[in-house]
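The following exercises concern a predicted model. Please study the sequence and the structure before reading each solution.

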Amino acid sequence: MNQLLNHHISNRKITTLVENKTTYNADYAELNIYETHKYAEKISLTFDFPVIASMLTGKKVMHLENMASFDFFPGESVVMPTNKEIVIDFPVATLKNPTQCLALGIDSTKIDEVVDKFNNHVAIERENNNWKLSNNASHLINNTDVNHLVERLVYTFTKNTSSKDVLLDLMIQELIVRLLQTKAKAFLLNDTDGVFNDTRIGYVIKYIKQNLTNKDITVDLLAKKACMSASHFHKKFKNTLGVSPIDYINSEKIKFSKKLIKETKNLRISEIAYKSGFNNTSYFNRQFKKMELMTPQQFKASVSK
């Protein structure tokens, strides 16, 4: 990301040391890059359009309505609805190491257009599939698809090319779909009322959670549980949750492995991998680094401090 910001840094002007803003415009969106160069507390921001904010460098402490305060790091994003106040602390910002964050605002008409397409093409059996972006903030941690899109958007926004607006339009549509899929995933995975217990995808999610450390879970097995062909199940699962069945299973196993690392300091990494349902330590290490942007050993060292 630092390389992507080089063009921005060489052209932007600094007028304030706290939340210095540079704006890049497109047909249906606006990219704001904020930079803070000194310690600050209780800085308030409100946007009159839906925003996805992504951390680039440094650390913020976020205070949002209906959410406990949380640390905000690079690789994480927050989706903010219209006219919701964000109060921010900057505990580590300095002149040499500024805290940098971007806020991508998307025109509500573009969101409505993409939501309509999404609702027409993706259905959860026996449910009214009327998705919309949430009216509450959402904190996304290490969502690989969203992070890759954010990087591509930054690069395209800050470069003046003849195809800029066309490319941005396509990427923004994809980003909205990714966020809708994140909401779909949240509904399925946090379904405390059992709304999806009788649906096939919901049943499979429940089965995965109850058998997470089972090393014999395969797509074929899950497809049989869902009473679908393997190819249809794979497509339905990915359309609904935004990730493949294997990627979802691996992400849940990595979450479980992090819990083990935090709670059982004396276990070796190979033991953590096995207890988390991985047959191969090397594969576990690769998946962990892919999802957490650090190795299991580095994560273990970080929680030991």
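**Exercise 1.** Determine where Ile-14 lies and whether Ile-14 is buried, partly exposed or exposed.

*Solution.* Step 1: Ile-14 belongs to the loop that connects α1 and β1. Step 2: the relative accessible area of Ile-14 is 43%. Step 3: partly exposed residues fall between the limits of 20% and 50%, so Ile-14 is partly exposed. Step 4: together with Leu-17 and Leu-95, Ile-14 forms a nonpolar surface patch with about 280 Å² of accessible area.

**Exercise 2.** Determine whether Glu-19 is buried or exposed, and name residues in contact with Glu-19.

*Solution.* Step 1: Glu-19 is found in the loop between α1 (6-11) and β1 (20-25). Step 2: its relative accessible area is 9%. Step 3: buried means under 20%, so Glu-19 is buried. Step 4: beyond the neighbours within four places in sequence, the contacts of Glu-19 include Tyr-34, Ile-43, Lys-60 and Phe-90.

**Exercise 3.** Identify the salt-bridge partners of Arg-178 in helices α3 and α4.

*Solution.* Step 1: side chains of opposite charge can pair when their charged atoms come close. Step 2: Arg-178 forms a salt bridge with Asp-145, with the closest N and O atoms 3.6 Å apart. Step 3: Arg-178 lies in helix α4 and Asp-145 in helix α3, so this pair ties together parts that are 33 residues apart in sequence. Step 4: Arg-178 also meets Glu-174 in a salt bridge, at 3.5 Å from N to O. Step 5: Arg-178 and Glu-174 both lie in helix α4, four residues apart, about one turn of the helix.

Technical notes. Residues are numbered from 1 along each chain as its sequence is written. This is a predicted model: local features need pLDDT of at least 70, side-chain atom pairs count only at pLDDT 80 or more; totals for chains, interfaces and linings use all residues. Side-chain values use heavy atoms; hydrogens and water are left out. Helices (H or I, at least four residues) and strands (E, at least two) are DSSP runs, numbered from the N terminus. Buried means under 20% relative accessible area, exposed over 50%, partly exposed in between (1.4 Å probe, protein chains only). Contact means heavy atoms within 4.5 Å. Patches are made of residues with over 30% relative accessible area and no salt bridge: like charges are joined within 9 Å, nonpolar side chains (Val, Leu, Ile, Met, Phe, Trp, Tyr) within 5 Å. Accessible areas come from the Shrake-Rupley method with a 1.4 Å probe; for residues, only the protein chains shown count as cover. A salt bridge is a side-chain nitrogen of Lys or Arg within 4 Å of a carboxyl oxygen of Asp or Glu.
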